[in-house]
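Here's a quick briefing to read alongside the model. Have the viewer open and follow along.

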Amino acid sequence: MDIPVLIAALILAAIAAAEVILLLRCPKVTAFPLTLFIRSDSPDFPDKLRYAAFLLTTQEQNVQKIIIFQKSGNELQKALCARFTAEFPDNVLIVSEKNENFLQKIIDFTDEI
């Protein structure tokens, strides 16, 4: 009975050592995406886009990607999003109403947290 316990302890020690080594060697997260929600009743959306552009151009907060959820919105907001996407084509992802199921899964996940 002692040999199986000893083998299990050695395996657990090896796993713990591997986790500690990987934890110390892996780089920390240095960039994260910024998420903007578009709603038709959001009058400060142009200000949010200006601030997002500022963060992308200055790299002040390590924001490298922006995800815009376009659930609803008026024509002005859609035009602003199109212009913003033209300015930063590699850094912007727009999730539109067509991907509503995907959007709902993300909102439900954040509500659980």
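Which residues does I66 touch, not counting those up to four places away in sequence? The list is L34, L36, A52, L56, F84, N91, V92 and L93. Keep in mind that this is a predicted model. The rest of the briefing starts with the whole chain, then goes through the core, I66 itself and one helix pair.

**Overall layout**
- The protein has 4 helices and 3 strands, and reading along the sequence gives you the pattern α-β-α-β-α-β-α.
- Out of 113 residues, 21% count as buried.
- The accessible surface comes to about 8600 Å², and carbon and sulfur atoms own 63% of that.
- Take the contacts between residues at least 6 apart in sequence: 75% of them join residues at least 24 apart.

**The nonpolar core**
- The largest nonpolar core is made of 16 residues, and L49, I66, I68 and F84 have the most contacts inside it.
- At least two core residues come from each of strand 1 (32–38), helix 2 (45–58), strand 2 (63–70) and helix 3 (75–87).
- Helix 2 is the top contributor here, giving 6 residues to this core.
- As background, nonpolar side chains in soluble globular proteins tend to be buried together.

**A closer look at I66**
- You'll find I66 in strand 2.
- I66 counts as buried because its relative accessibility is 1%, and the cut-off for buried is under 20%.
- I66 and L49 both appear among the core residues with the most contacts; they sit 17 residues apart along the chain, and their C-alpha atoms are separated by 9.9 Å.
- F84, another of those high-contact core residues, is also one of the residues that I66 touches.

**Helix 2 against helix 3**
- For a pair of packed helices, the usual description is the angle between the axes plus the distance between them.
- In this pair, the axes of helix 2 and helix 3 come within 10 Å and cross at roughly 10°.
- Angles under 35 degrees count as roughly parallel, so helix 2 and helix 3 are roughly parallel to each other.
- On the helix 2 side, the residues that meet helix 3 are F45, P46, L49, A52, A53 and L56.
- Helix 3 answers with Q77, L80, C81 and F84.
- By type, the residues of this contact split into 9 nonpolar, 1 polar and no charged.
- A52, L56 and F84 take part in this helix contact, and I66 touches them as well.

Key:
Residues numbered from 1 in each chain as written. Predicted model: local features only at pLDDT ≥ 70, side-chain atom pairs only at ≥ 80, totals over all residues. Heavy atoms only, no water. Core = buried A, V, L, I, M, F, W, Y, C linked by side-chain atoms within 4.5 Å. Buried < 20%, exposed > 50% of the residue type's maximum accessible area, 1.4 Å probe, protein only. Contact = heavy atoms within 4.5 Å. Areas by Shrake-Rupley, 256 points an atom, 1.4 Å probe, with all protein chains shown as cover. Axes fitted to C-alpha atoms, helices over the stretch in contact; angles between N-to-C directions. Parallel < 35°, antiparallel > 145°, perpendicular 65-115°, else oblique. Nonpolar A, V, L, I, M, F, W, Y, C, P; charged D, E, K, R; others polar.
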